[in-house]
Amino acid sequence: MNYKRSSSLFIDAKKNIPGGVNSPVRSFKAVGGDPIFIKKAKGTYLYDVDGNKYIDFISSWGPMILGHANNKVIKAIKARIEKGISFGAPTELETKIAMLALKMVPNIDKIRFVNSGTEACMSAIRLARGYTKRDKIIKFVGCYHGHADAFLIQAGSGAICNGTPNSPGVTKGNAKDTILAKYNDISSVLKIFKKNINKIAAIIIEPVAGNMGCVIPKPGFLEDLRSLCDKYKSLLIFDEVMTGFRLSAGGAQESLSIKADIITFGKIIGGGLPVGAFASSNEIMNELSPIGKIYQAGTLSGNPVAMEAGFNTLKILNNHPEIYKNIDLKTKKIHDRINSILERNNVPYHINRFGSMFSLHFTEDPVINFETALKGNNNYFKKYFHGMLNEGVYLPPSPFESCFINNEMNDSDIDYTINAFERVIKKL
Ligand SMILES: *Cc1c(COP(=O)(O)O)cnc(C)c1O
């Protein structure tokens, strides 16, 4: 494949935008080489500026569950744009999407819309802190909740629970209120609770993690978190920015039959436009301004064009619950077939899959948290990534990201992908 025009656009981009991208993972830093510049997308295909076509396994990192440029969603956005694109005053559409989201997702009474998953998570912890009148939060190493200061915390040297800033610009003051625990390790959480009696406002977690590859909670792990939160009167926040409206209409709460206190959304809820949201019970949500004292706002929050994209995406998912069965089956088919190819070729590997999220790690050990995700062979992954790209299969450009299947992927796309996979693996 020829990537000439992409490479030349990247040179210009780098002169004008830090690293040439507006979000780091797009830069291909983890896999080497220049990123591909996309011209358009339709269904399950991406088309780049050099005229190459790709089967897309990213789906814009999740939002495009219906495939790209879904006819109904695009039609609704077009009609909406004609009527004006932002008012700074309420619209009926905001209530319509709120009602639909509240109907689809169990265990929530009210929802507020913001502009990104980052904002949703940032607001959720402010709400939890304001509601519980406590300062500290627990997060898990390897979980991503956006780029707000409170989440850019890494494990300090020695004990895993001493948070230190993970980025220059995050203060030590911020870091001290975020305590790190180990995913799938309840004893690491219990220790923190015991050391911080009456101080923990909330635990925030990706109920199925998608930002260290796909990592699945062990049976009982989330249930144990639920009981610890109940025991110590802390709130359990499910960050469902990725899993919401993807694992099922009701997200991880429905798929795993477990209740969280606050849920955050992003990605699919915006149907490809910049939207996030957070939701909880009446009691907790009524603490937000303008009713309560906890402040949270946004000039473009609930933007009519974004709401139209989200509303129509959710409406299709709500009216066609079979979509979830279908994408799960498609993903299972891919999973089973790459499994047998890897077995036949004696490649050390581990695959994690939940519904339509999956990741392939080039390590034999089970990947159950960030530490074990780090064991993957990155050099091997780089070659695998570029091999697949060259075959016209666009995978996440990092071993620490999950693949997302969209509903437009058909059997011949899957056959093509599997054949390409076999060719690439044999050459590695
Ligand atoms: C993508 C993501 C976020 C951040 O959302 P943005 O819209 O990128 O700010 C937060 N949490 C999880 C689990 C995510 O996958």
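Is Asp336 buried, exposed or partly exposed? In this predicted model, Asp336 has a relative accessibility of 37% and therefore counts as partly exposed, since that class covers what falls between the buried limit of under 20% and the exposed limit of over 50%.

**Salt bridges**

The structure holds 13 salt bridges, and three of them are set out in the table below by partners and by the distance from N to O.

| Basic partner | Acidic partner | N to O distance |
|---|---|---|
| Arg80 | Glu308 | 2.6 Å |
| Lys136 | Asp177 | 3.3 Å |
| Lys332 | Asp336 | 2.7 Å |

The side chains of Arg80 and Glu308 meet in a salt bridge with an N to O distance of 2.6 Å. This pair links distant parts of the chain, with Arg80 placed in helix H2 (residues 71-81) and Glu308 in helix H10 (residues 304-319), 228 residues apart. Both Arg80 and Glu308 are buried.

A salt bridge also brings together the side chains of Lys136 and Asp177, at 3.3 Å from N to O. Here, too, distant parts of the chain are linked: Lys136 belongs to strand E5 (residues 136-140), while Asp177 sits in the loop between helix H5 (172-176) and strand E8 (178-181), 41 residues apart. Lys136 is buried, as is Asp177.

The salt bridge between Asp336 and Lys332, whose closest N and O atoms are 2.7 Å apart, lies within one element, for both residues belong to helix H11 (residues 322-344) and are separated by four residues, about one turn of the helix. Lys332 has a relative accessible area of 36% and so is partly exposed, and Asp336, at 37%, is likewise partly exposed. Elsewhere, salt bridges that share partners join Lys136, Lys176 and Asp177 into one network.

**The second largest pocket**

The second largest pocket has a volume of about 560 Å³. Its lining is made up of 25 residues, and those that lie nearest the centre of the pocket are Glu94, Arg112, Phe113, Ser301 and Gly302. Which secondary-structure elements each supply at least two residues of this lining? Helix H3 (92-104) and strand E4 (110-114) do so, and the largest share, four residues, comes from H3. By residue class, the lining of the second largest pocket divides into 12 nonpolar, 11 polar and two charged residues.

Note on methods
Residues are numbered from 1 along each chain as its sequence is written. This is a predicted model: local features need pLDDT of at least 70, side-chain atom pairs count only at pLDDT 80 or more; totals for chains, interfaces and linings use all residues. Side-chain values use heavy atoms; hydrogens and water are left out. A salt bridge is a side-chain nitrogen of Lys or Arg within 4 Å of a carboxyl oxygen of Asp or Glu. Buried means under 20% relative accessible area, exposed over 50%, partly exposed in between (1.4 Å probe, protein chains only). On a 1 Å grid over the protein atoms alone, a cavity is a set of points where a 1.4 Å probe fits but cannot get out, and a pocket is an open set with protein on both sides within 12 Å along at least five of seven lines; lining residues have an atom within 4 Å of a point. Grid points are joined across faces, edges and corners, and a volume is the space filled by probe spheres set on the points. Ala, Val, Leu, Ile, Met, Phe, Trp, Tyr, Cys and Pro count as nonpolar, Asp, Glu, Lys and Arg as charged, and the others, Gly among them, as polar.
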